[in-house]
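Here is a short report on one chain. Look over the sequence and the fold before reading on.

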Amino acid sequence: INKSDFKNNFSPSENKLKEYYNNNKNLFVNPEERSFKQFNFKSKEQAEEFKINITSLSINEIEKYASNKNIKFNNFEDLNKNQVLDELSNVIFSLNKGQISDVVKTTLAHHIIILDNIFETKEPSLNEVSEIIKNTITTVQLDNFINDLKLKINQQILDGLTIGELT
């Protein structure tokens with residue numbers, strides 16, 4: 001049995017697509033994401049001193065200052081709350097764009113966070129996700145059809161039908 005032979009029989013109607021979308025919008029929501037710089041320090045004192053020294057600097061000047069002082073930092077792009085350590089996530093998602101955090105302690109280090117950008121939660125339109133929905137519905141219905149067909153054939157074999165009688 002080749003699944004692709006039956007695929008066109010299970011293509012959902014526009015109404016089915018709309019119904020699925022309206023009943024499952026939460027599956028397609030893109031959560032709020034944030035981009036930020038994370039400066040890492042061995043001690044709280046180093047982190048506090050860094051914050052004091054960068055308070056009046058632009059972001060470019062902060063990066064130059066960090067490089068000159070050999071301070072390690074990472075740029076993180078488009079991360080949602082679940083992609084960041086809990087200790088950092090709460091701070092990152094409470095900052096405003098351009099804001100510098102207080103010192104944040106984790107098991108790894110002490111950190112200063114500078115928030116670069118905020119990407120609000122986005123709910124895509126039906127148009128943007130219709131292909132995904134179509135593929136999902138088609139795959140589920142097709143898999144159910146094939147499984148039912150296999151069960152029916154197995155039952156017919158158990159009932160004593162020969163291969164030639166299975167049609």
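Where is the kink in helix 5 centred? The centre is I132, and the kink is about 30°. The bend at a residue is the angle between axes fitted to the seven residues ending there and the seven starting there.

This is a predicted model: local features need pLDDT of at least 70, side-chain atom pairs count only at pLDDT 80 or more, and totals for chains, interfaces and linings use all residues. Residues are numbered from 1 along each chain as its sequence is written, and side-chain values use heavy atoms, with hydrogens and water left out.

**Helix 5**

Helix 5 covers residues 126–158 and has 33 residues. Helices (H or I, at least four residues) and strands (E, at least two) are DSSP runs, numbered from the N terminus. From first C-alpha to last, helix 5 reaches 46 Å, close to the 48 Å expected at 1.5 Å a residue. That expected span is 1.5 Å times one less than the number of residues.

Among the buried residues of helix 5 are L126, V129, I133, I137 and L142. Buried means under 20% relative accessible area, exposed over 50%, and partly exposed in between (1.4 Å probe, protein chains only). Their cover includes helix 1 (14–23). After helix 5 comes G160, with a positive phi near 100°.

**Salt bridges**

The structure holds 7 salt bridges. A salt bridge is a side-chain nitrogen of Lys or Arg within 4 Å of a carboxyl oxygen of Asp or Glu. The table gives three of them, with N to O distances.

| Pair | Closest N and O atoms |
|---|---|
| E63 and K37 | 3.3 Å |
| K37 and D116 | 2.9 Å |
| E48 and K44 | 4.0 Å |

E63 lies in helix 3 (residues 59–68) and K37 in strand 1 (residues 33–41), so their bridge ties together parts that are 26 residues apart in sequence. K37 is buried, at 7% relative accessibility. E63 is partly exposed, at 25%.

The bridge from K37 to D116 links strand 1 with strand 4, 79 residues apart. D116 is partly exposed, at 22%.

E48 and K44 sit 4 residues apart in helix 2 (residues 44–54), so about one helical turn separates them. E48 is partly exposed at 35%, and K44 is partly exposed at 43%. Shared partners join K37, E63 and D116 into one network of salt bridges.

**Nonpolar cores**

Which residues make up the largest nonpolar core? There are 12: F39, F41, A47, F50, I54, I62, Y65, A66, I71, I100, I112 and I114. A nonpolar core is a set of buried Ala, Val, Leu, Ile, Met, Phe, Trp, Tyr and Cys residues joined through side-chain atoms within 4.5 Å. Strand 1, helix 2, helix 3 and strand 4 each give two or more residues to this core.

Beyond four places in sequence, I71 touches F39, N40, F41, F50, Y65 and A66. Contact means heavy atoms within 4.5 Å. A second, separate core of 10 residues includes F36, F93, V104 and L115.

**H110**

H110 is in strand 4 (residues 110–119). Is H110 buried or exposed? H110 counts as buried, because its relative accessibility is 13%. A polar atom of the H110 side chain lies 3.5 Å from the backbone oxygen of K42. Leaving out residues up to four places away in sequence, H110 touches residues including F39, F41, K42, A47 and V104.

Technical notes
Polar contact = N/O pair within 3.5 Å; in protein donor to acceptor, adjacent residues only side chain to side chain.
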